[in-house]
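Okay, thanks for coming, everyone. Let me put the model up on the screen.

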Amino acid sequence: MLHYIHIQGKEAPQFSFRNKTAQNFKSLIQSMTDGSSLVISSLYRTDVFYTANQDHSEQILKLWALQEDAFDSTKLTIVSGRDNALELFFTSLVSFSSANKWYQAHLKEFRHACSMDQNNPILKDLKLCEQYLQKSHQTISRPISGSQSGDLLPSKEVFEDLLQHINDFLN
């Protein structure tokens with residue numbers, strides 16, 4: 001089962017991972033869950049995906065709290081299940097994209113995470129979702145196959161269509 005921990009906005013800087021901490025945190029999650037994980041962290045948004053049969057969010061939050069001083073887990077959004085995780089991931093990008101500077105910084109971190117782990121099953125699931133959206137909405141013009149994982153995140157132009165049609169994909 002896919003699990004997702006998410007934060008964005010003005011509270012997010014205290015939750016962001018710096019330097020190589022995100023990669024180390026990802027390794028901790030993978031060893032704890034025996035599944036795959038994906039961690040994308042920038043100053044105003046952090047996404048943590050992991051697969052596991054059981055919900056390990058509480059243990060992950062405890063590990064995360066060790067990384068940060070003023071940790072308040074009530075600021076995070078935690079969801080379980082593929083549909084819920086994908087819906088939150090993509091729809092939360094809608095509001096986030098309005099802050100272009102923050103969005104561009106997160107996009108850079110996302111592209112870096114993609115390039116470091118192109119065979120990640122979670123990343124492949126995100127690509128399948130994006131490919132579906134490409135086929136469904138002609139407003140998405142760029143390909144996303146092969147090593148072009150840098151273009152995985154939807155461009156700002158598709159967010160209106162995405163909001164209208166994401167439920168068709170998830171249901």
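I'll talk about one helix and then some salt bridges.

Quick housekeeping: this is a predicted model, so local features need pLDDT of at least 70 and side-chain atom pairs count only at pLDDT 80 or more, while totals for chains, interfaces and linings use all residues. Residues are numbered from 1 along each chain as its sequence is written, and side-chain values use heavy atoms, with hydrogens and water left out.

Helices here are DSSP runs of H or I, at least four residues, numbered from the N terminus. Take α3, residues 82–97: its 16 residues reach 22 Å from first C-alpha to last, close to the 22 Å expected, where expected is 1.5 Å times one less than the number of residues. Its buried residues include Leu86, Phe89, Phe90 and Phe96; buried means under 20% relative accessible area, exposed over 50%, partly exposed in between, with a 1.4 Å probe and protein chains only.

Now, how many salt bridges does a search of the whole structure find? It finds 5, counting a side-chain nitrogen of Lys or Arg within 4 Å of a carboxyl oxygen of Asp or Glu.

One pairs Lys26 with Asp117 at 2.4 Å, N to O. Lys26 sits in helix α1 and Asp117 in the loop between α4 and α5, 91 residues apart. Lys26 is buried at 7%; Asp117 is partly exposed at 21%.

Back on α3, Arg82 bridges to Asp125 at 2.9 Å. Asp125 lies in helix α5, so this pair ties together parts 43 residues apart in sequence. Arg82 also bridges to Asp83, at 3.7 Å, and shared partners join Arg82, Asp83 and Asp125 into one network.

Conventions:
Helices (H or I, at least four residues) and strands (E, at least two) are DSSP runs, numbered from the N terminus.
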